[in-house]
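Thanks for making time. I will go through one structure, starting from one helix and working out to the sheet.

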Amino acid sequence: MSNAAIYFHPEGYETARTDLKGRHVAGESFLIGFFRHSGLDRFACHVDGPPLARLFMDLADRHAPGRKVELYLTGEPSRLANVGCLFLPGPGIDQFAWRRRSRDQRAYSLCGITHTTSESPQTLGALATAPIQPWDAVICTSWAARSSVEAVLQPYAEYLRDRLGAAEVPMPNLPVIPLGVDTDAFRFDPSVRAAERAALGIGEEDVAVLFVGRLSFHAKAHPIPMYQALERAAQRTGKRLHLIQAGWFGNDSIAAAFIEGARRYCPSVNAIFLDGRKPDVRTRIWAVADLFTSLVDNVQETFGITPVEAMAAGLPCVVTDWNGYRETVRHGVDGFRVPTVLPPPGFAPDLADRYDAGLDSYDHFIARASQITAVDVEAAAQAYALLAVDPGLRRRMGEAGRARAAAVFDWKAIIPQYLDVWRQLADIRRHAQERAPRRDGDGNPLRPDPLRMFQAYPSRTLEPGMRLVRAPGVTRAAAMEALATLLGDPMNSPARSLLLSPTADIALAIDALDPPGCRVADLAGLVPTERQILLVRSLVHLMKYDIVRPVEPLGAREA
């Protein structure tokens, strides 16, 4: 199989939001690319309920009209065996592995994807202790992202071996597949460029430098090195430089800091701030620029989609030699990568400790790490200056980047890699040995069946041999009417999805409760297997309100 059910929730795929982040953009772009380039004749959607299902179907109809959509509700995970794989828009496949274990671990594969790996290392650690199988995977968007995952999993595995004597600590597959873009969306008519530059007051001979993304000095890219480098380039070249920062601020104080920072550190550069949450800004702004820059210095970044978008738009890139940027922009070919420096391992355990203790928020944690990340300002200045004075160099690098984006990072090239991973996982599932097969009991011992966890609480449990009968004077019709009344009572609203509604199934059971009564096992045999759990729960519910009684007195359990 090379298909997967897409676990769909707007949190993973929706960009129409005030708290827009790269993972939202990447998720939406992936889903559109999947619809357009998977070549599948049907799409499968794993979804919590009908409203979200309609959103998914609308998206599918918009981008792949005429294709069939099959819905797989999250309350019925066993049905995913019909698809063979569940794709999740994040790395947390552990909780889904536990749900699968309660049924059939070989029924389907799980496939997640990394975005930010810095926020919750414990989520990655959970992959080592969850019932992950050889046919599961977490796609890493870059080799740098994979390295960060392994930097958590490998020491944790060593700890588990030392602590518990584990002979083996299985890990998920970690294939590396970059994020993609629709390269056709970044081609613009020259008239668009002319109109947008005129609207921003950018002259024909001026040089427009573009940054796209969150405008956050603590969680994305500290702007001062960029400001300093651009000021040096403006002073050296005498060119009129415009810095367009198309993004969004977390609050007014951050906005004020960015605006004042540009005024202080690059007074020779015209600083333009645009709201990058607006779709027309996020698309048309690429036509304005002469070069793109992103001097990211933050550990929350794992891949970075904007340099790829810039290459698709034919812009040369000046980016930091940092995480996934190293794997997208070729130094001296598509642009320039600016060196970065971190202290060596062992010089920041206090940052992790303060974050773990709750003394620092996540924002403070990554902000502190950013403050001990150096960006080579002089190298950035030289790159800006070279590109500012040499239109031919800009053109050659932009054309090289556009060709690379089309060949390597377009969804037409990326989606088949996803399908291939899912196909490989299906093959592994057919042949590999199951890890930690389920024993008698609950699939997840830390989420036990409450009736197992609390079986010592009641006087008795409803054993198969227990004989039940209707309470004296209660007819079949009266029992059915009472059940309907009880289910309609607001105080019993939690029971409505737990029990059989007053239908033929429960009527058969109530009929069988004529004196001398009927055994629970025989009553259960009156309904299809998939509804026997509902029936047994319904019988206890009827006992709760003295509509049904045991033939033999229950008696109190001795202490």
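**Helix H3 and the sheet**

This is a predicted model. Let me begin with the outward side of helix H3, where Pro50 and Arg62 are exposed. The opposite side reads differently: Leu52, Ala53, Phe56, Leu59, Ala60 and His63 are buried in H3. Why do the buried residues line one face of the helix? Looking down the axis of H3, they fall within an arc of 125 degrees, so they share one face. The general background is that an α-helix has 3.6 residues a turn, so residues three or four places apart point the same way.

What do those buried residues pack against? Their partners are S1, S2 and S3, along with helix H1 (10–13) and H2. As for its dimensions, H3 has 14 residues and spans 20 Å from first C-alpha to last, close to the 20 Å expected at 1.5 Å a residue. H3, residues 50–63, lies across S1, S2 and S3, and runs at about 155 degrees to S2.

Now the sheet. Six strands make an open sheet with parallel pairing, in the order S3-S2-S1-S4-S5-S6. Strand S3 (68–73) and strand S6 (137–139) are the edges, each pairing on one side only. On average, neighbouring strands are turned by 25 degrees against each other, direction ignored.

Within the sheet, S1 (residues 5–7) and S2 (residues 42–47) run parallel and are joined by three bridges. Isoleucine 6 stands opposite cysteine 45 in S2. Helix H2, residues 22–37, also packs on the sheet, touching S1, S2 and strand S4 (85–87). The direction of H2 makes about 165 degrees with that of S1.

Technical notes
Residues numbered from 1 in each chain as written. Predicted model: local features only at pLDDT ≥ 70, side-chain atom pairs only at ≥ 80, totals over all residues. Heavy atoms only, no water. Pairing = 2+ DSSP bridges. Helix = DSSP H or I, 4+ residues; strand = E, 2+ residues; numbered from the N terminus. Axes fitted to C-alpha atoms, helices over the stretch in contact; angles between N-to-C directions. Contact = heavy atoms within 4.5 Å. Expected span 1.5 Å × (residues − 1). Buried < 20%, exposed > 50% of the residue type's maximum accessible area, 1.4 Å probe, protein only. Arc of directions from axis to C-beta.
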